Structures are given as structure tokens and as C-alpha cells.
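Visitor: I'd like to learn how to read a structure feature by feature. Could you walk me through one?

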Amino acid sequence: MASYFASTAFNFKPIQTLSPSSPAARVIRSEMRIYKGTRMREQRLTEMIEKKVMEAKQVCGEDETSSECKVAWDEVEEVSQAKADLRLKLHHLHQDPLEHFCRGNPEVDECTVYED
């Protein structure tokens, strides 16, 4: 593990950082809770991407240089980026976007917990 020093006014103390491949990081990943609503969102985004790609191919069938075609592919990119952002939070930052909401509303169906 790498360490560096954090400074406060007169206090220096080492802070440990985790390498993504370290055993401790693997434990954190393996114990991460993912809420049902987050899984549903990831599935909806996947379905939206597939739908938007089909729409873009249909719109661009006649003229790939049209403004409608460019807009259609922009929509594909926007939905793809939303899914990439969600996956970044889940798999690299280990944060479920519903964590804050579900702490106050554990009885809500979307807050059912899946152990990853």
C-alpha cells in the first residue's frame, strides 16, 4: 500500500491508500451493496442504448450526414455516458447512487439490497 502525508495546522499523519489490486480493495468490492433500484436503472439504460442505436440506424439509413442522424447518434452517446457514469460509481468508486436515499427509506422496494 502506498502512503502519503496529510497536513493539518500542526499535525502530520500518514494516510494509507489502496491499490485497486490489493487484497483490502478486493474485500471492499466483494462486500459492496447494490440496491435493486440501481440494478433496475442499469438494465433500463442498457435497454435504452439498444433502442437508441436501432433508432439512429433507422434515421441514418438514407442520409448519414443529415442533422437528424447526428442528433440520433448524440442521443446514443448521452445514454451510453449515463451508463458509464453509473458503472464508474459502482465499480471504481464503490458508491451506489441510491445509498443516501435508501438510508432514510429502507422499506422502499428499490432499496432491497443485493450483495455484489
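Guide: We'll go from the overall layout to the core, then to the charged side chains. Keep in mind that this is a predicted model.

Visitor: Fine. How many helices and strands does the protein have?

Guide: A good habit is to take the inventory before anything else. Here there are 4 helices and 4 strands. Read from the N terminus, their order is β-β-α-β-α-α-α-β.

Visitor: And what share of the residues is buried?

Guide: For that you need the cut-off: buried means under 20% relative accessible area. In this protein, 21% of the 116 residues are buried.

Visitor: Which residues make up the largest nonpolar core?

Guide: The idea is to look for buried nonpolar residues joined through their side-chain atoms. In this case the largest such core has 6 residues: I34, L45, I49, V79, L86 and L90. Helices α2 and α3 are the elements that each give two or more residues to this core, and α3 gives the most, with 3 residues.

Visitor: Let me pick one member, I49. Where is I49 found?

Guide: I49 is in helix α2. Its relative accessibility is 18%, and since the buried class ends at 20%, I49 counts as buried. For a view across the fold, try a C-alpha distance: I49 and E77 are 28 residues apart along the chain, and their C-alpha atoms are separated by 8.5 Å.

Visitor: What does that kind of comparison give for A56?

Guide: A56 is also worth selecting in your viewer. The C-alpha atoms of A56 and A72 are 4.8 Å apart in space, with their positions 16 residues apart in sequence. A56 is found in helix α2 and is buried, with a relative accessible area of 0%.

Visitor: Now the cysteines. Is C60 buried or exposed?

Guide: C60 is buried, at 6% relative accessibility, and its place is in the loop between α2 and α3. From C60 to W73 you step 13 residues in sequence and 9.0 Å in space, C-alpha to C-alpha. As for C102, that residue is in helix α4 and is buried too, at 4%. C102 and G37 are 65 residues apart along the chain, yet their C-alpha atoms are separated by 9.8 Å.

Visitor: On to charges. How many salt bridges are there?

Guide: The test is a distance one: a side-chain nitrogen of Lys or Arg within 4 Å of a carboxyl oxygen of Asp or Glu. By that rule the count is 6. Once you have the pairs, ask how far apart the partners are in sequence.

Visitor: Which parts does the pair of E42 and R87 tie together?

Guide: The two side chains meet in a salt bridge, 2.7 Å from N to O. E42 sits in helix α2 (residues 36–59) and R87 in helix α3 (residues 67–92), so this pair ties together parts that are 45 residues apart in sequence. E42 counts as buried, at 16% relative accessibility, whereas R87 is partly exposed, at 38%.

Visitor: What about E99 and R103?

Guide: That one stays within a helix. E99 and R103 are 4 residues apart in helix α4 (residues 99–104), about one helical turn. The N to O distance of their salt bridge is 3.5 Å. E99 is partly exposed, at 21%, and R103 is exposed, with a relative accessible area of 61%.

Visitor: How many residues apart are E55 and K52?

Guide: They're 3 residues apart in helix α2, which again is about one helical turn. Their closest N and O atoms are 3.7 Å apart. E55 is partly exposed, at 28% relative accessibility. It also pays to check whether a bridge belongs to something wider: K51, K52, E55 and E75 are linked in a network of salt bridges.

Visitor: Last one: which residues form the negative surface patch?

Guide: For patches, you look for like charges that are on the surface and have no salt bridge. In this protein, E62, D63, E64 and E68 form a negative one. Take D63 as an example: D63 is found in the loop between α2 and α3 and counts as partly exposed, at 36% relative accessibility.

Terms used. Residues numbered from 1 in each chain as written. Predicted model: local features only at pLDDT ≥ 70, side-chain atom pairs only at ≥ 80, totals over all residues. Heavy atoms only, no water. Buried < 20%, exposed > 50% of the residue type's maximum accessible area, 1.4 Å probe, protein only. Patch = residues over 30% accessible without salt bridge, like charges linked within 9 Å, V, L, I, M, F, W, Y side chains within 5 Å. Areas by Shrake-Rupley, 256 points an atom, 1.4 Å probe, with all protein chains shown as cover. Lys, Arg positive; Asp, Glu negative; His and termini not counted. Charge placed at Lys NZ, Arg CZ, Asp CG, Glu CD. Core = buried A, V, L, I, M, F, W, Y, C linked by side-chain atoms within 4.5 Å.
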